[in-house]
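Here is a short tour for anyone who likes to see how a fold is put together. Have the model open and follow along.

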Amino acid sequence: MKLKEHFSNIKPSATLAMNQTVLRMWSKGKNVFHLGFGESRFPVHPDLVHELTVHATKQSYLSSLGINELREKISVFFQENYGFNVVDPDSIIIGIGSKSLLHTILSILDGPVLLSVPSWVSYSSIAKLTDHPVYRFYLDDKRSYEVDLDSLFDRADQAQNDTGKPPILILNSPNNPTGRMLSKNEIKEIANGARKRNMVVLSDEIYGLITHGDNSHDSIRTLYPEGTIVFNGISKHLSLGGWRFGFSLVPDNAGQDLVNACDTVISNIWSCVPAPIQHTVMRAFQPDNELTNYINTCTSIHDIRTRYLYDHLTDLNISCPEPQGAFYLYPNLGDKKQILGKINITTDIELAEFLLEKYELATLPGEAFGDNAENLSLRLATSYLDMEDDTKAEAILRAYQKDPIAVNFIRKHHPRTQEAANRFGHFMNDIVSG
Ligand SMILES: Cc1ncc(COP(=O)(O)O)c(C=O)c1O
């Protein structure tokens with residue numbers, strides 16, 4: 001069978017592949033500290049469990065774009081949680097996770113895709129699968145991975161010159177892999193530059209409700225509504241990755257051609273999001289203190305666990321941008337190149353393999369996120385440790401509800417997180433002492 005040529009340079013998702021590797025190792029009785037997969041693992045909220053049982057008998061095909069009542073609820077959710085002015089429910093599209101919507105929209109839009117280095121593993125794969133040329137710009141590793149605006153707009157102009165089409169920029173804040181959030185100023189500069197160039201911005205805000213401490217999420221849509229398509233979902237703040245539900249918001253007036261094109265793609269490919277899920281998730285968008293508290297509790301726990309590992313790494317003199325949202329750390333060992341070279345580690349892939357083999361630490365190399373392998377960056381996901389199964393995840397939630405003081409919570413209930421941190425310490429000792 002002859003495959004399309006682009007499959008020779010697109011790989012299965014590195015994050016899902018790493019998860020399967022760890023699950024296989026666990027099933028063989030091996031000990032692995034799983035820092036390789038960003039899955040929020042809190043129990044499904046009981047109200048949503050109840051709702052799903054109520055709607056289990058819903059068996060008919062539903063609207064491809066989403067039932068009206070659900071789209072209306074999502075529009076209110078955006079207004080209340082993301083500070084968007086009026087949102088027209090007709091501008092909402094739902095899909096099988098936000099990934100499917102990114103694929104749908106990129107299969108419709110024309111133009112080169114602009115992606116940061118580093119950026120989430122699936123963006124470049126989806127852009128290639130949908131036949132877009134990809135242009136990379138840089139996040140500034142010397143300034144905690146802020147967007148390098150010169151690099152962004154130089155690449156945008158180059159992409160426009162090469163292809164004769166305005167580029168499509170993919171943004172992600174809070175960010176996977178860096179854990180950083182775009183500042184108000186970056187958003188302003190990007191919105192101005194994008195408007196001047198007539199660019200489309202695809203703004204992935206799936207971690208928008210998972211912000212640490214006093215950080216609050218800002219969306220580029222508030223400054224550039226006419227050119228921004230927002231992506232979101234329930235996989236992260238409600239820990240419902242396996243329910244596969246995502247949603248997008250296209251520009252209110254300009255977007256109806258796009259909405260119709262999405263309808264064409266969705267109705268011809270997966271027809272609709274499963275009926276029980278569409279009915280059940282309406283509950284997730286109902287303004288309600290109980291669910292809001294639950295999301296805030298889970299967010300605070302992500303914050304504590306992520307910050308604990310961050311503090312530990314910085315104490316070990318491992319450079320790492322300070323996390324502001326989501327549940328990721330992006331340490332960089334570029335300044336340890338010489339000592340790592342002595343044990344034949346020259347790339348992040350070798351580094352990740354070494355950490356797995358010698359210290360049982362599963363991480364992902366920065367190369368999977370488009371980074372230069374010789375920069376020696378790793379992405380650590382903090383969402384899995386001490387929550388490896390449902391019972392442990394439930395216990396973590398209950399323990400926090402009883403005693404939310406961070407030091408107690410980590411010391412008493414996070415043996416594996418502490419051990420993983422210690423192992424980074426052993427690793428640093430070992431390489432420094434040669
Ligand atoms: C930045 C980012 N966007 C999207 C997704 C996937 O979201 P969904 O489960 O809605 O497809 C992930 C999952 O890891 C992610 O990290």
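## Around the ligand

In this predicted model, helix α4 (residues 97–108) gives the most to the shell around the ligand, with 3 residues. The shell counts 13 residues, and the closest are G97, S98, K99, G233 and S235. By type, the shell holds 2 nonpolar, 9 polar and 2 charged residues.

How enclosed is α4 by the rest of the structure? Of its 12 residues, 10 are buried, so α4 is largely enclosed. The buried ones are G97, S98, K99, S100, L101, L102, H103, T104, I105 and L106. They pack against the strands β2 (92–95), β7 (200–204), β8 (228–233) and β9 (246–249), and also against α5 (121–129) and α8 (256–269).

## A second helix to compare

Helix α3 (residues 68–82) makes a good companion to look at. Its buried residues are L70, R71, K73, I74, S75 and F78, and their cover includes β2, β9 and α9 (275–281). After α3 comes G83, with a positive phi near 70°.

The lengths of the two helices are set out below.

| Helix | Residues | Expected span | End-to-end C-alpha distance |
|---|---|---|---|
| α4 (97–108) | 12 residues | 16 Å | 18 Å |
| α3 (68–82) | 15 residues | 21 Å | 20 Å |

For α4, the distance between the end C-alpha atoms agrees with the span expected at 1.5 Å a residue. For α3, the reach is close to the expected value.

## Two domains and a shared core

The protein is divided into domain 1 (5–43 + 290–433) and domain 2 (55–286). Taken over C-alpha atoms, their centres are 26 Å apart. Where they meet, 35 residues of domain 1 are in contact with 37 residues of domain 2. On the domain 1 side, the elements giving two or more residues are α1 (14–27), α10 and β10 (328–329). Of these, α10 gives the most, with 8 residues. That side of domain 1 divides into 15 nonpolar, 13 polar and 7 charged residues.

Now turn to the largest nonpolar core, which has 111 residues; L114, V201 and L202 touch the most other members. Helix α10 (residues 289–315) supplies the largest share of this core, 7 residues. Why does the core lie between the domains? Domain 1 and domain 2 both give residues to the core, so it lies between them.

L114 is worth a closer look. Beyond its neighbours within four places in sequence, L114 is in contact with Y135, F137, R155, A156, A159, P167, I168, L169 and I170.

Conventions:
Residues are numbered from 1 along each chain as its sequence is written. This is a predicted model: local features need pLDDT of at least 70, side-chain atom pairs count only at pLDDT 80 or more; totals for chains, interfaces and linings use all residues. A residue is near a molecule or strand if its C-beta atom, placed from the backbone, lies within 6 Å of it. Helices (H or I, at least four residues) and strands (E, at least two) are DSSP runs, numbered from the N terminus. Ala, Val, Leu, Ile, Met, Phe, Trp, Tyr, Cys and Pro count as nonpolar, Asp, Glu, Lys and Arg as charged, and the others, Gly among them, as polar. The expected span of a helix is 1.5 Å times one less than its number of residues. A residue is buried if 20 or more other C-beta atoms lie within 10 Å of its own, exposed if 12 or fewer, and partly exposed in between; C-beta atoms are placed from the backbone. Two residues are in contact if their C-beta atoms, placed from the backbone, lie within 7 Å. A nonpolar core is a set of buried Ala, Val, Leu, Ile, Met, Phe, Trp, Tyr and Cys residues joined through C-beta atoms within 7 Å. Domain bounds come from an automatic or database domain assignment.
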